[in-house]
Amino acid sequence: LGLAAFGGAHLFSRQKKAVSMSSSSFWSSVSSRAATKGSYLCVGLDPHEAASAEAAYEACSSVIEETAEYACCFKPNSAFFEVHGGPGIEALKRVVEKCHEKGAPVLLDCKRGDVGSTAQKYAETCFDLLQVDAVTLSPYLGWDAIKPFANYEGKGLFILCATSNPSAGTVQTPAVRDAVARMSTAAGAWGAQMGGGHPLGLVVGATDVAALRRVRELNDDAWILAPGVGAQGGDLADAVRAGRAQRKDDPRLIVPVSRGIANADDRAAKAKELRDGLNDALGGGLLLLLTGKDDDDATSERHHQKQPPAAFVEAALGCGALKFGDFTLKSGRLSPYFFNAGLFSAGSHVNALFDAYAARVARSGVDFDVIFGPAYKGIPLCAGVAAALARDFNVDVAYAYDRKEAKDHGEGGTLVGADVRGKRVLLIDDVISAGTAIREAASLLVDKSGATLVAACVALDRQEVTGGKEKPPPDAPRISAVDAAAKDLGCPVIAILSLTDLLNYLVGQNDNDDPVVAKVRQYRADYGAAPSNNE
């Protein structure tokens, strides 16, 4: 049954009259609140574990109370209320009222998509009965499914454009995605039919940075709702960089977070951390720019909140490069996970890999002239990362790599590509196990070719001690292979993903007592090194 099936006015006869925000459009309301709170954070309300309608309301009510100061809007998901029948819809209406009492607009995540009288009843339920300010809609049936909602002037409509669920690509081809983005512009086939010049919004998953970037290239008018930061794997900084509009002081980007806030020990602190991370990713000082004052507890220059690179975990899982199970390593240890960068072997896979390297390098702040990739895996890495840096960060650097066997004809020698002599070099590799390969590459660059090695970047820092399968003694120093290599090389070794990041991702996706989580934690206890620079 759809939500409209429960839409009897008698369900709400005991309730006080809703606090309506209909005097202004959703877009002006959310813009005004963003200016007041200095925030483009949307707090999701998804009472997953609620056993009753009242429990669902209480769970959401406490989140609203604790986070309203840092939210530009709230986003309840209708499914977690509909499951409780009529009382659930009553609870949802109370949640909407609670948000409005806090001065916050409400975006109902319901993904409606039907035609004719059915779509009309869905629209009436959302806007007349529940009094929400915006909704998410499916475009699969075309404008006929959107029009009944568009007839409500000033309401926000977010059209599904590029979602991040595993099978989305079977239907949401790049051509379909691009068509939805184009039709939703102010002058597009759909956007032009919106009354009062109000824009259409788009839903684009934060876990697909390439899709976010493409949609924004095609449509700078739309407000983009970018779900997936946190538990689903999206990286905040990457999503903001790709999805913000090219408009001065008007990013037109809303980032919703649900479980990452609801499951936090201190929800207010977590919401504030995410808001500040959003501000930093938007260029820093957004709160000061919008409100004319900084937060009482913040310094004038905020420290960037490093977000776990969970989007990379999703990509690695998707192509099989990262697996969980029981794996015997070369060292003889039985590991609960295994990583093989060589399985990023298709075009879409390596795009995600190169994007992740480029983003990590850009965040590191390392200054360099040439990227070097040691043979063999480093050869495509250095070329792909150089291309991603130029495309996404406007950083145009040369690259070079070596051969295993020297040539005695043509240009000769073992190095191919840019001249590294006298240059600052960033070394790119997949992983560091014993560190032998990276030390040999460093010797080739520094001792034999006259380069200066300024940093190395790898995909994974396992954050474990070197050695065999025997556990290190309790009093033994715990130095990771990465930190040992960094000490020997005399430069930092940074990683896209660390064991800490991986564990954080697993905890966000599963219960704390999940067997995979437990096995990874035990492995870290047995073989883990002291926290490294990548933690």
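Let me begin with a definition: rings of Phe, Tyr and Trp, the last taken by its six-membered ring, count as a pair if their centres lie within 6.5 Å, and the pair is called stacked when the planes are under 30 degrees apart, edge-to-face when they are over 60, and tilted for the rest. By that rule F26, W27, Y40, F158 and W223 form one aromatic cluster.

Before going on, I should say that what you see is a predicted model, in which local features need pLDDT of at least 70 and side-chain atom pairs count only at pLDDT 80 or more, while totals for chains, interfaces and linings use all residues. Residues are numbered from 1 along each chain as its sequence is written, and side-chain values use heavy atoms, with hydrogens and water left out.

The structure holds 13 aromatic pairs. In one of them, F26 and F158 meet edge-to-face, with 6.0 Å from centre to centre and 85 degrees between the planes. F26 belongs to helix α1 (residues 26-37) and F158 to strand β5 (residues 156-162), so this pair ties together parts that are 132 residues apart in sequence; here helices (H or I, at least four residues) and strands (E, at least two) are DSSP runs, numbered from the N terminus. F26 has a relative accessible area of 1% and is buried, and F158, at 0%, is buried as well, where buried means under 20% relative accessible area, exposed over 50%, and partly exposed in between, with a 1.4 Å probe and protein chains only. Another pair, F339 and F344, is tilted, at 6.5 Å centre to centre and 55 degrees between the planes, and both F339 and F344 are buried.

Let me turn to helix α8. Why can α8 (residues 209-218) be described as largely enclosed by the rest of the structure? Because seven of its ten residues are buried, namely V209, A211, L212, R213, V215, R216 and L218. These buried residues of α8 pack against β5, α7 (174-183), β6 (201-204), β7 (223-225), α9 and α15 (378-393), with contact taken as heavy atoms within 4.5 Å.

The axes of α8 and α9 come within 8 Å and cross at roughly 20 degrees, the axes being lines fitted to C-alpha atoms, for helices over the stretch in contact, with angles from 0 to 180 degrees between N-to-C directions. The two helices are therefore roughly parallel to each other, on a scale where angles under 35 degrees count as roughly parallel, over 145 as roughly antiparallel, 65 to 115 as roughly perpendicular, and the rest as oblique. α8 passes α9 in a right-handed crossing, meaning that the near helix is turned clockwise from the far one by less than a right angle, whereas anticlockwise would be left-handed. V209, L212, R213 and R216 of α8 make this contact with D238, A239, A242 and G243 of α9.

How do α9 and α11 cross? The axes of α9 (residues 236-243) and α11 (residues 267-281) come within 9 Å and cross at roughly 45 degrees, which makes α9 oblique to α11. This crossing, too, is right-handed, and the contact involves L236, A237 and V240 of α9 together with L274, G277, L278 and A281 of α11.

Finally, V507 lies in helix α18 (residues 499-509) and, at 27% relative accessibility, counts as partly exposed.
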